[in-house]
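This report covers how the parts of one structure meet, between chains and within a chain. The sequence and the model are shown below.

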Number of protein chains: 2
Amino acid sequence: MLYIGVDLGGTKMAAGLVTRDGVILGKASAPTQVGLPHEQILKNMASLIGDVLSETGRTADDIGAIGIGSPGSVDDSRGTVVFANNLYWRHVPVRGELQKYYDKPVFVDNDANVAALAEMVAGAARDRRNLVLLTLGTGVGSGIVIDGRVFGGSHHVGAELGHLCVQMDGEQCTCGNKGCLERYTSATALVREGRRALIDYPDSIIATKAGGNLDNVTAKIVIDAARERDPMAIDIFERYIHYLALGIITIINAFDPEVIVLGGGVSAAGDFLLEPLRRHVKEHIFYKDLPHATVELSPLGNDAGIIGAAMLGAIESGGL
Amino acid sequence: MLYIGVDLGGTKMAAGLVTRDGVILGKASAPTQVGLPHEQILKNMASLIGDVLSETGRTADDIGAIGIGSPGSVDDSRGTVVFANNLYWRHVPVRGELQKYYDKPVFVDNDANVAALAEMVAGAARDRRNLVLLTLGTGVGSGIVIDGRVFGGSHHVGAELGHLCVQMDGEQCTCGNKGCLERYTSATALVREGRRALIDYPDSIIATKAGGNLDNVTAKIVIDAARERDPMAIDIFERYIHYLALGIITIINAFDPEVIVLGGGVSAAGDFLLEPLRRHVKEHIFYKDLPHATVELSPLGNDAGIIGAAMLGAIESGGL
C-alpha cells in the first residue's frame, strides 16, 4: 500500500506519493495562495494530489490514506486546523474538505510533529520509538514522538520546545515571555549576534563576508567565519552551542527520549556543530552513568514534511 | 477487586489496601532499614502487606495486584529498581522477590510518577488523563501521566522536571548543571533566601521568627513572614512565585497537560501561593487565547504514594 503526504506551508504546498518505508516515488508542489478561501486551497490540494498520482501512473485505489502536515495548532482527532497564524486559518475542517475529493482516511497533524515521524521511519531515528526533533531555523520548532506516535499534548497546541524558558528575565520573545530557548538557539539568534559583532568589530571576518552590510549577515556567514577562526564568530558560535546543549539537557530531563534530532538551517553546519555539542551535553548531563539520548543531525532535509505526513496515514491506518 | 499499594521510602515503607476508586481501606508502615540485604527488605515488605490484609480482614485472594512506588530509576517492564541512591540499590528485582510471597501481578514505578497517578484517580486531576505533578519539597520532584499512563521516558530515569534549566549559568545544582528549576522553586530555595535575609536584616520578621538563628529558618517561616507583610519575605516569596510560574509555563510549552498539580511542603501555603501563581502564569503564557493547563494544589498529602502505587496495579491489570 502507498500513502500520500502533503507538506502544507505558508508559501507552497508539496505533495508526494510515499512507500511505507518512507521512500518518495513522486512529488509535486504548488503555491498555497494564502488568502483564498480555505475550500479553494484544499480543492487545489486535492488537485495536486491528483497530479502526483497521474505522474506516477497510479490511481486513488493504490493509496491507503492521505496525511497532511500543517503549521499551527491541529486537532488530530477531528482532522481540523484549529489555528494557523501564517495561513490565517481558524477551525478549518481539512479532513472534511479533502474527503469531498477522496474517499480515503485523512489524517492531519502539526508540521513539526510530522517531520519527527519522518525521522523515525526514514531519518536519524530509524528503529527508535521515542524522539524529539528540533528545527533550528528562523525560530526553533519541535516535534515529539512517544512510543511511535506523534505527541501533541492535551490542547492540540503541540509541543513548543522553542519556548522552554532557559533564561529567567532574559531576551524578550515574541510569545510574550522572556528568555525562551529560541531566542538563543535559532538561526535568527546567530544573525542577531553576528550583526552586533559587525557593528563592534568592522574588521572581523563576519564584517568582511557581509560586505560591511548588516542586512547581509546570515547564520551561515557567522558559522563560516567561526570555521575560519574569527575570534568574534568563535565566541558567538561557542555560546550558541552552550545554550543549545543546555536546551538539549532540559529536553532529556523532561522527555528522556532515545534520540534528539537536529534539523533546520543551522544543522547544515554538520560536525562543526555536532561534535562540540555532544561534548557539552555529556559534560553537563544529570545521570552521567546511565544511558541517555544521543544527538544526531537530520538527513532528510525538505522531504521530511512529505514523508512524515504520509507516515501519519500509514501509522493511523495500521500500515506501519 | 482491591489493590495493594506500597510507598517505599528511604526511612520507612507504608502499605495500604486500596479500592479502585483510590480509597484506602487500611494501611500500615514499618522502617525500611536501609542497609539490610534487599531480599530481607522485600521479605519485610511482603510481611507488611500480610499485616494490612489481616488487619482489614482480607486475604491475598481479595487483591488483583500489588503496586510499588520506589525512589530512583525503575525499569517498569522488568519490575526492577535500576538505581536508587537513598536505598543503595542497583538492579534490584523487586517483582521477582515479592512474587516469592505473593502469586500476583507486581508492578513497580518511580514514586513521583506513582503520586501523579494518585492525583488522576483520587486527587486534583480526577477525570483527567494528562497531568504533571510537581512536589515542592527539599528538592523538586515530578511525575507525569500521559493518556492515563505513567510516563517514564526511554531510559527508565523518569522525568526530572526539577532539573529543567531555567537560568543559564545560574546557581550550581547537585546534578552537575547550573540554574536548575529546583534551585529556585524548592523549599530549600526559600530557606536559602530566608537565611540570606536574616543575615542582612536582623530586624526582619524572618529573623524574629527564627530567633536570630540561621538553623531555625524554614520555608514556613519565610511564607508566614510574607503573610505578615515583612518586606524581605514578600520579596523572596514574590520571586519564588515568579520562578515557579516560569517553570510551569515551560512545562506547559513542553507537555501541554490538562492540569499541573502542586504537592510537597510549600504547597501547604494554599491560596497565598496559588492565586498569585495563577495570575503570573496567565500573564506570561504563550497561546493566550487557547485553552491551557490549570494549576491546582494536591489534596492527597502523604497518602498519594500508597494510592498511586495501588492504582499502578489497577491500571496495568486492567481494573481501571
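Domain bounds here come from an automatic or database domain assignment. The model is predicted. On that basis chain A is divided into domain 1 (2-123 + 302-316) and domain 2 (131-298). The centres of domain 1 of chain A and domain 2 of chain A, taken over C-alpha atoms, are separated by 28 Å. Domain 1 of chain A gives 17 residues to the contact and domain 2 of chain A gives 16 residues.

On the domain 1 side of chain A, the elements that give two or more residues are β5 (73-75), β8 (106-110) and α3 (111-122) of chain A. The largest share, eight residues, comes from α3(A).

Chain A also touches chain B: 36 residues of chain A are in contact with 36 residues of chain B. Helix α8 (residues 231-255) of chain A supplies the largest share of the chain A side, seven residues. The two contact sides divide by class as follows.

| Side | Nonpolar | Polar | Charged |
|---|---|---|---|
| Chain A, touching chain B | 19 residues | 13 residues | four residues |
| Domain 1 of chain A, touching domain 2 of chain A | nine residues | four residues | four residues |

Chain A also has an open sheet of five strands in the order β11-β10-β9-β12-β13, with mixed pairing. Strands β11 (149-150) and β13 (294-297) of chain A stand at the edges and each has a single partner strand, so one side of each is left without a neighbour in the sheet. Strand β10 (residues 140-146) of chain A runs antiparallel to β11(A) and is joined to it by two bridges. A:V145 has A:V150 in β11(A) as its bridge partner.

Technical notes
Residues are numbered from 1 along each chain as its sequence is written. Chains are lettered from A and ligands numbered from 1 in the order in which they are written. This is a predicted model: local features need pLDDT of at least 70, side-chain atom pairs count only at pLDDT 80 or more; totals for chains, interfaces and linings use all residues. Two residues are in contact if their C-beta atoms, placed from the backbone, lie within 7 Å. Helices (H or I, at least four residues) and strands (E, at least two) are DSSP runs, numbered from the N terminus. Ala, Val, Leu, Ile, Met, Phe, Trp, Tyr, Cys and Pro count as nonpolar, Asp, Glu, Lys and Arg as charged, and the others, Gly among them, as polar. Two strands pair if DSSP finds at least two bridges between them.
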